[in-house]
Amino acid sequence: MNLRAQGSITQWKDEQGFGFITPDSGGKQVFVHVTAFIDRSKRPAQDDRVFYESGVDDNGRPQAYNVTFVENAASRQKRRSRRFSLTLVLIAAAFLATLAGMYYFGKLPTIFLIPYVLFSSLAFITYARDKRAAVKDRWRTEENTLHLMALLGGWPGALIAQRLFRHKSSKLSFQVIFWITVIANCCLFAWLLSLYWQKYGSNSIL
């Protein structure tokens, strides 16, 4: 078995599950079977860039083994973006789950829970509608309205909607103000809840 080489799939017959790799270093094409790919989650296709180990089959013909796809910069960036978006969605979901748990165990009064449920739902719906409006070039929701909903407790729903619908998530100026509203809301929530606990006790529910 030779050292790992790099090349491109220049022929691929998907139904038969095999094709040929043209080495970057030149020379004859190398036969490759679908079972030689380490990552089976992605189906090989013509023009895919690959790394492979070069060997020979039982008849002495060049054949590729232990084949992996070459991931370009755009693919890496897209994968990192998806992971980041998933992390933010989990943070928002965890925050809402924490509120629900605190309420269930008698640590959070109803008056503190209602704004998050109400405005998160409203923000999610508003983002969805604004995304459709952007696609169809219709009347848009003002950004100040979106920020106000986030400040009033709708930021978890807004955050989930941003990442789910890919809306407003890449506009830096919007994101800066959005995260300011998130921090402000969380600080206000913590301050008001501490005052409530001091006055009524942590086991009181309205």
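**Why the terms apply: salt bridges and burial**

Me: Why is Lys171 called partly exposed?
Reply: Lys171 has a relative accessible area of 37%. Buried means under 20%, exposed means over 50%, and partly exposed is what falls in between, with a 1.4 Å probe and protein chains only. The value of 37% falls in between, so Lys171 is partly exposed. This is a predicted model, in which local features need pLDDT of at least 70 and side-chain atom pairs count only at pLDDT 80 or more, while totals for chains, interfaces and linings use all residues. Residues are numbered from 1 along each chain as its sequence is written, and side-chain values use heavy atoms, leaving out hydrogens and water.

Me: What makes the pair Lys171 and Glu143 a salt bridge?
Reply: A salt bridge requires a side-chain nitrogen of Lys or Arg within 4 Å of a carboxyl oxygen of Asp or Glu. In this pair the N to O distance is 2.6 Å, so the requirement is met. Lys171 is in the loop between α3 and α4, and Glu143 is in helix α3, 28 residues apart. Salt bridges with shared partners also join Glu143, Lys168 and Lys171 into one network.

Me: What is the basis for calling α2, which holds Asp130, a helix?
Reply: Helices are DSSP runs of H or I with at least four residues, strands are runs of E with at least two, and both are numbered from the N terminus. Helix α2 covers residues 110–135, so the run satisfies the minimum for a helix.

Me: Is Asp130 buried or exposed, and how do you know?
Reply: Asp130 has a relative accessible area of 1%. That value is under 20%, so Asp130 is buried. Its salt-bridge partner is Arg140, with the closest N and O atoms 2.9 Å apart. Arg140 lies in the loop between α2 and α3, so the pair ties together parts that are ten residues apart in sequence.

Me: Why is Ile180 called exposed?
Reply: The relative accessible area of Ile180 is 52%, which is over 50%, so the term applies. Ile180 belongs to helix α4, residues 172–200.

Me: How do you know that Asp57 is buried, and which residues does Asp57 touch?
Reply: Asp57 has a relative accessible area of 16%, which is under 20%, so Asp57 is buried. Contact means heavy atoms within 4.5 Å; leaving aside residues up to four places away in sequence, Asp57 touches Gln63 and Tyr65. Asp57 is found in the loop between β4 (49–56) and β5 (62–69).
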